[in-house]
Amino acid sequence: MHLLSEFSFCLIIINRSRDDLEFRTPLKALGDTLRLGLTRRMWILWPLFMYIGMELTFWVSVYGTSLGYTLRFGTVRQALVGLSGVFVGIGEIVAGIVMGLLGKWTHRNGRDPAVVCALIIHIACFYLVLINLPAESPLSETQDTSLINPNQYVAMFCSFLLGCGDAVWNNQLISFLGVSYRSQTVTAFAVYQFWMSIGNTVSSFYSTALALPFQLLLLVLTATAAAWGFFTEEWKSHSTKNSIQ
């Protein structure tokens, strides 16, 4: 879903920015990116950009490691690591299909309901992970339990939810950037990739030092800030659109 979303966005970039790319030098492109990155809207959206990177690190690296280090899963714990990726992919596909079917409704009613769904899905997922996996599972092999005994079916359901939420976040963000920055899609996408990479780097650093509950807390707080920033700019865009009409 990441690849499909970015491929679709690249098509938008090519169609809308071909003339700009022909006349921009690398230095001018860098200057344009810095100027856009310092605008108020981008500062409001940067928690969302960072969250995309943080949750990507979580489901790609941290969650699989936690499953493999949870000894109470028994002999299937290594198999669960691979199956987790499969269920994340299934979640991405299902959410992508649903977003495609609801595309016209979303365009008419705004993107914020979809982002609310993504926020709820991920917070529910993080809660299930918290009660299902031991606190030390991202750091080392452990026989500990959490609030419940580790359950492989709950673990795979969490993988599915991670994929669903990730697909919705990315779908709505890329759609928003493509519409809001019609003449600056290349630059907007560069700013997005910059902050996403910072989120990815920061989360990769703390993922080897913090216990699972603290990592989940950081994800919840960042996701909440991300949703608030998105709502602020989405509602502002709707107000501007309605005033023009």
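A residue is called buried when its relative accessible area is under 20%, exposed when the value is over 50%, and partly exposed in between, with a 1.4 Å probe and protein chains only. The model is predicted, so local features need pLDDT of at least 70 and side-chain atom pairs count only at pLDDT 80 or more, while totals for chains, interfaces and linings use all residues. Residues are numbered from 1 along each chain as its sequence is written, and side-chain values use heavy atoms, with hydrogens and water left out.

**Exercise 1.** Determine whether Arg 77 and Glu 141 are buried, partly exposed or exposed, and describe the contact between them.

*Solution.* Start with Arg 77, which has a relative accessible area of 17% and is therefore buried. Turn next to Glu 141, which counts as partly exposed because its relative accessibility is 48%. The two form a salt bridge, with the closest N and O atoms 3.6 Å apart; the term denotes a side-chain nitrogen of Lys or Arg within 4 Å of a carboxyl oxygen of Asp or Glu. This pair links distant parts of the chain, 64 residues apart, since Arg 77 belongs to helix H4 and Glu 141 to the loop between helix H6 (112–132) and helix H7 (152–180). Helices here are DSSP runs (H or I, at least four residues), numbered from the N terminus.

**Exercise 2.** Work out which residues are joined with Glu 233 into one salt-bridge network.

*Solution.* By the same rule, the count comes to four salt bridges. One of them pairs Glu 233 with Arg 40, the closest N and O atoms being 3.7 Å apart; because Glu 233 lies in helix H9 (residues 212–244) and Arg 40 in helix H3 (residues 40–69), this pair ties together parts that are 193 residues apart in sequence. Glu 233 is buried, at a relative accessible area of 1%, whereas Arg 40 is exposed, at 53%. Glu 233 also forms a salt bridge with Arg 41, where the closest N and O atoms are 3.0 Å apart, and this pair connects helix H3 with helix H9 across 192 residues. Through shared partners, Arg 40, Arg 41 and Glu 233 thus form one network.

**Exercise 3.** Identify the helix that gives the most residues to the nonpolar surface patch.

*Solution.* The patch, whose members include Leu 83, Ile 90 and Trp 105, has about 890 Å² of accessible area together, as computed by the Shrake-Rupley method. Membership requires over 30% relative accessible area and no salt bridge, with nonpolar side chains (Val, Leu, Ile, Met, Phe, Trp, Tyr) joined within 5 Å. Helix H4 (residues 77–101) gives the most, with eight residues. Leu 83 is found in helix H4, and its 39% relative accessibility makes it partly exposed.

Methods
Patches are made of residues with over 30% relative accessible area and no salt bridge: like charges are joined within 9 Å, nonpolar side chains (Val, Leu, Ile, Met, Phe, Trp, Tyr) within 5 Å. Accessible areas come from the Shrake-Rupley method with a 1.4 Å probe; for residues, only the protein chains shown count as cover. Helices (H or I, at least four residues) and strands (E, at least two) are DSSP runs, numbered from the N terminus.
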